[in-house]
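Visitor: I have just opened this model and would like to learn how to read it. Could you walk me through its empty spaces and a few of its residues?

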Amino acid sequence: MGLSRKTFLYSMILAGAMVILITGYFVFMLPSLYVDYVMDSNLDSAVRVQRGYMEQRSYQELPVKNPSAVFSLEIPKEGNELYVVGKFFRMTATVREKELQELLDELRRSAGLQGGEGRKIPAVLNQREVREELAGIWEKAGRYFASRNLFSEDYPLQFEVEGKGKEQWDVYREEYGRLHTEPDGIFVYETGVSDGDYQYSMYFAFGQTEDAFILTIFPTMMPQMEEILPVVTDSMPMIIAVVFLFVLAASRFFAARIVHPVIRLAGYAESARISGKFEADSFALDSKDEIGQLGQSLRELYDRLQENYEELEQKNHALAEENERKEIFLRASSHQLKTPVTAALLLVDGMIGEVGKYRNVKEYLPEVRKQLLSMRRIVEDILFLNYQAEHMHKEMTDLRKLAEEAVKGYKVQAEAGSLQFELSGEGSVVTDREMMRKILDNLFSNAVQYTPAGQRICVEISSCFLQVVNDGTTIDDSLLPHVFDPFVSSVENRRGKGLGLYVASYYSRVLGCRLELYNQEDSVCARLFFGEMEGGKERC
């Protein structure tokens, strides 16, 4: 999934979760909170009205919800009169029978209104006792009034109603009116009124049956914005905390899925920068979006840069080694060329001046020729060394056949020194034939030159290595670490150029082989390994 689609999906999930959270709050929590608030508000209103009436003994200045239905019953501590007071009326009820007076006195005792200063209404009422006592009084009063006719002249209570002034009745004012028609023929007239503090709706429903007209009056009290606002306000800290925690958790999840991979990418790039060689720790991303593709591309880029860097280092190392080799070789060859040049010049000068024995030109001209051939051989080695390194051509080569051809070139020298060549084994490798011939030629030349008369030169051949062992001699331990340096010879009185082992070692490195030279018991072993020739890996 792409990063843009993933971000859009996360946003939609977060928005949906927020909608579910807010909807759940308004559906499940807000109604119960509102009901609790209204009940607490009604209780406070009842207490406020009770306290206000107890202080003022009047409803004139009291704000009352639904004033047409709220009233107070005032029972004096003594006497036979009761008072019912509301917003729009004041009614006096006079008890005219002894039995009813006794019930009233019992009610006063239960409420703590009689008994002088010795009995007060307790701060904490025993609800069960009070309920049982009042229930008994109510039951008696019910039986008493059930046996009386409300409209008889001897009714035990005499009522006197005193209405309020017109200004009290004008507290209501109409705010709107509308008519509703139902499909079954019922008409409902809705009107809204207000008393300045609260609003009320009154529904007048009209309907007709076969034998009558039916009128229903249904009053309701309209809820106020001020009632729901405190509930929402009190809930805001909880809503904010829940939303904050939810968004924090969602952001944490979002960061883990999207931002964290970016941080890992930055860290990976930083580690590669610090390493200086693109050798950063392994890096992998499981995501398949653009960030995962970026991580994959970055890892491949660093791997390729690392490969190029290593290849460049190898080439730089090879160039540095080659430059050093050429510089050393040039200095050493220049020094080595001085000897035959000087000797040739002395001979030529002596023959030209006919000095002493040099008058015999025929005798010393071959010596001049010999020195010139020595110089030509040194120059040819130098030119061939550089030419072959730049024009290498590898092919499958039969080592046995190549070794036999190289040994034939030393047949005369071997017979003169009573030396015996022994060849064993067979093998083939992919290599440059001329370079390999030069390596064998130099190894055989070195063996013939330093092997005592009557000894053996053993050549062992395989596809993994070629080994040349010459008996009857060893190399001085102090000289052994330098045998592959140019113009180094182990025998001072011999006039070798000291290039044989150097050339063999150089060609071995160019071909990817490894040449080793070490002493054995009364013999010297030169072993050429072919194991590194194929992709830099050991073959044997």
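**Reading pockets, cavities and burial**

Guide: Gladly! Let's begin with a pocket: the residues lining the second largest pocket comprise 19 nonpolar, 1 polar and no charged. Please keep in mind that this is a predicted model.

Visitor: How much space lies in the second largest pocket?

Guide: The second largest pocket holds about 510 Å³ of space. Its lining is made of 20 residues, and those nearest its centre are Leu82, Leu107, Trp138, Ala141 and Phe145. Two or more lining residues come from each of these elements: strand 1 (71–74), strand 2 (81–86), strand 3 (89–95), helix 2 (98–110), helix 3 (127–146) and strand 4 (157–163).

Visitor: Which element gives the largest share of that lining?

Guide: Helix 3 does, with 6 residues.

Visitor: Now for enclosed space. How many cavities of 30 Å³ or more does the structure hold?

Guide: The idea here is that a probe fits inside a cavity but cannot get out, whereas a pocket is open. This structure has 1 cavity of 30 Å³ or more. The volume of the largest cavity is about 60 Å³.

Visitor: Which residues line the largest cavity?

Guide: They are Leu443, Asn446, Ala447, Val468, Asn470, Leu501, Leu517, Val524, Cys525 and Ala526. Sorted by class, this lining has 8 nonpolar, 2 polar and no charged residues. At least two of the lining residues are supplied by each of helix 10 (433–450), strand 13 and strand 15 (523–529).

Visitor: Let me pick one from that list. Where is Asn446 found, and why does it count as partly exposed?

Guide: Asn446 sits in helix 10. Partly exposed is the class between buried, under 20% relative accessible area, and exposed, over 50%. Asn446 counts as partly exposed because its relative accessibility is 22%. Here is another way to look at this residue: Asn446 and Gly500 are 54 residues apart along the chain, yet their C-alpha atoms are separated by 6.7 Å.

Visitor: And Gln467: is it buried or exposed?

Guide: We can use the cut-off of under 20% again. Gln467 has a relative accessible area of 9%, so it is buried. This residue lies in strand 13, which covers residues 465–471.

Visitor: Which residues does Gln467 touch, leaving out those up to four places away in sequence?

Guide: Gln467 touches Cys458, Val459, Glu460, Tyr518, Cys525, Ala526 and Arg527. Look for Cys525 and Ala526 once more, as both are also among the residues lining the largest cavity.

Terms used. Residues are numbered from 1 along each chain as its sequence is written. This is a predicted model: local features need pLDDT of at least 70, side-chain atom pairs count only at pLDDT 80 or more; totals for chains, interfaces and linings use all residues. Side-chain values use heavy atoms; hydrogens and water are left out. On a 1 Å grid over the protein atoms alone, a cavity is a set of points where a 1.4 Å probe fits but cannot get out, and a pocket is an open set with protein on both sides within 12 Å along at least five of seven lines; lining residues have an atom within 4 Å of a point. Grid points are joined across faces, edges and corners, and a volume is the space filled by probe spheres set on the points. Helices (H or I, at least four residues) and strands (E, at least two) are DSSP runs, numbered from the N terminus. Ala, Val, Leu, Ile, Met, Phe, Trp, Tyr, Cys and Pro count as nonpolar, Asp, Glu, Lys and Arg as charged, and the others, Gly among them, as polar. Buried means under 20% relative accessible area, exposed over 50%, partly exposed in between (1.4 Å probe, protein chains only). Contact means heavy atoms within 4.5 Å.
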